[in-house]
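Me: I'm a first-year student and I'd like a close look at one part of this model, the salt bridges. Could you walk me through them, and then show me what else is worth a look?

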Amino acid sequence: MRGNLASREPGMLKAWQEKNLYQKIRSVSKGRPKFILHDGPPYANGDIHIGHAVNKILKDIIIKSKTLAGFDAPYIPGWDCHGLPIEHQIEKKHGKHLPADKVRELCRAFAKEQVERQKADFIRLGVLGDWDNPYLTMNFKTEADIIRALGKIYHNGYLYQGQKPVNWCIDCGSALAEAEVEYEDKTSPAIDVGFEVKSSSSQQFLSDAFGITIPADVLTYAIIWTTTPWTLPANQAVSVHPDFDYALIQTTRGFLILASELRQACLERYDLSGETPATCKARHWNICHCNTRLNRAR
């Protein structure tokens with residue numbers, strides 16, 4: 001590249017650090033209205049990935065734009081240093097059945113190492129912040145403040161004891177977060193369901209859409225297929241694709257609304273035969289079964 005950016009960019013970042021750019025911005029912004037971004041901390045376990053980069057860069061854009069807009073927008077980075085993944089890493093490296101105080105010591109050392117590695121990468125991305133004074137959940141002051149806050153919650157009567165099911169690792173002897181649980185593969189049934197079109201206005205809408213008269217005493221169903229039948233009680237509507245062709249099929253069970261390409265396969269699956277007096281393109285109409293009406297989407 002003619003701009004030679006690959007070698008110039010590290011030099012620019014180094015110049016920012018030598019000039020104490022972040023501290024100068026804080027000095028110039030003193031007295032302005034505050035804008036505080038509370039950054040959810042990354043976990044101190046492993047090198048950063050593209051998700052970390054996107055998260056931090058977007059937040060950096062917000063902070064810098066607010067600074068340019070006339071706010072005092074400090075950025076205090078932080079890290080989450082507690083949790084089972086770090087304990088697993090120590091267990092892999094040093095084995096099980098270590099004294100509890102030794103485990104905590106090793107976990108702290110491991111988390112500190114990961115913080116420094118991630119910090120270097122975030123600085124390399126050009127993110128400005130108070131990198132020399134980050135907040136860490138494992139700082140003794142932070143841990144003490146958590147206990148103080150819990151004490152206030154208890155003192156004000158907001159803390160109570162109840163029952164709640166939690167995932168528990170028998171091997172680790174620890175509660176597990178949802179993200180740490182490996183779920184077993186589950187095979188669910190696939191079912192076809194017919195939603196009856198009941199209101200006279202919906203029947204009339206179908207007659208107009210398909211260009212035929214549907215007798216008032218003949219049942220009409222919008223057919224859906226799903227692999228998540230347990231969600232059916234919460235359904236609010238049945239939607240159709242505006243660019244697909246749909247067929248109105250007359251069977252012994254009534255009129256069925258099916259995608260034209262699937263009508264033969266569906267009829268065979270239902271063990272039915274029928275005639276297709278009309279087809280039409282959906283053109284943005286929706287079948288809403290919650291109030292048994294058919295409306296054109298706007």
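Reply: Start with Asp 145 and Arg 148, which form a salt bridge whose closest N and O atoms are 2.7 Å apart. Keep in mind that this is a predicted model. Both residues sit in helix 6 (residues 140-155), three residues apart, which is about one turn of the helix. Why does that spacing suit a pair? An α-helix has 3.6 residues a turn, so residues three or four places apart point the same way. Asp 145 is partly exposed, because its relative accessible area is 32%. Elsewhere, salt bridges with shared partners link Arg 26, Lys 34 and Asp 72 into one network.

Now hop over to helix 3 (residues 50-68), where Asp 60 and Lys 64 are four residues apart and so about one helical turn from each other. They form a salt bridge too, and its closest N and O atoms are 2.7 Å apart. Check how covered each partner is: Asp 60 has a relative accessible area of 8%, so it counts as buried, whereas Lys 64, at 27%, is partly exposed.

While you're in helix 3, look at Lys 59, which lies there as well. Is Lys 59 buried or exposed? Its relative accessible area is 17%, which means it is buried, the cut-off being under 20%. Leaving aside neighbours within four places in sequence, Lys 59 is in contact with Leu 37, Asp 39 and Gly 40.

Next comes a salt bridge that reaches between two helices. Glu 9 pairs with Arg 124, with 3.7 Å between the closest N and O atoms. Glu 9 belongs to helix 1 (residues 5-18) and Arg 124 to helix 5, so this pair ties together parts that are 115 residues apart in sequence. Glu 9 has a relative accessibility of 35%, so it is partly exposed. Arg 124 is partly exposed as well, at 38%. How many salt bridges does a search of the whole structure find? The count is 13.

What about disulfides? The structure holds zero of them. As for cysteines, have a look at Cys 169, which is buried at 16% relative accessibility, and at Cys 266, which is buried at 7%.

Since helix 5 has come up, let's see how it packs. Helix 4 (residues 84-94) and helix 5 (residues 100-124) meet at an angle of about 110°, and their axes are 9 Å apart. Angles of 65 to 115 degrees count as roughly perpendicular, so that is the word for helix 4 and helix 5. On the helix 4 side, the contact is made by Ile 86, Glu 87, Gln 89, Ile 90, Lys 93 and His 94. Helix 5 brings Leu 106, Cys 107, Phe 110 and Ala 111. Sort the residues of this contact by type and you get six nonpolar, two polar and two charged.

Now for some loops and turns. Asn 20 has a positive phi of about 55°, even though it is not a glycine. You'll find Asn 20 in the loop between helix 1 and helix 2 (21-29), and at 42% relative accessible area it is partly exposed. Asp 271 is another non-glycine with a positive phi, near 60°. This one is in the loop between helix 8 (263-270) and strand 9 (274-281). With a relative accessibility of 70%, Asp 271 counts as exposed. Then there's Gly 211, just after helix 7, which takes a positive phi of about 75°.

Helix 7 (residues 200-210) is a good place to look at burial. Its buried residues are Ser 202, Gln 203, Phe 205, Leu 206, Ser 207 and Phe 210. Two of those names turn up again when you follow the contacts of Thr 220, a residue in strand 6 (residues 220-226). Leaving aside neighbours within four places in sequence, Thr 220 is in contact with Gln 203 and Leu 206, and also with Phe 195, Glu 196, Val 197, Ile 214, Leu 248, Phe 255 and Ile 257. How covered is Thr 220? Its relative accessibility is 0%, so it counts as buried. One last distance to find on screen: the C-alpha atoms of Thr 220 and Arg 253 are separated by 8.7 Å, with the two residues 33 apart along the chain.

Technical notes
Residues are numbered from 1 along each chain as its sequence is written. This is a predicted model: local features need pLDDT of at least 70, side-chain atom pairs count only at pLDDT 80 or more; totals for chains, interfaces and linings use all residues. Side-chain values use heavy atoms; hydrogens and water are left out. Axes are lines fitted to C-alpha atoms, for helices over the stretch in contact, and angles run from 0 to 180 degrees between N-to-C directions. Angles under 35 degrees count as roughly parallel, over 145 as roughly antiparallel, 65 to 115 as roughly perpendicular and the rest as oblique. Contact means heavy atoms within 4.5 Å. Ala, Val, Leu, Ile, Met, Phe, Trp, Tyr, Cys and Pro count as nonpolar, Asp, Glu, Lys and Arg as charged, and the others, Gly among them, as polar. A salt bridge is a side-chain nitrogen of Lys or Arg within 4 Å of a carboxyl oxygen of Asp or Glu. Buried means under 20% relative accessible area, exposed over 50%, partly exposed in between (1.4 Å probe, protein chains only). A disulfide is a pair of cysteine sulfur atoms within 2.5 Å.
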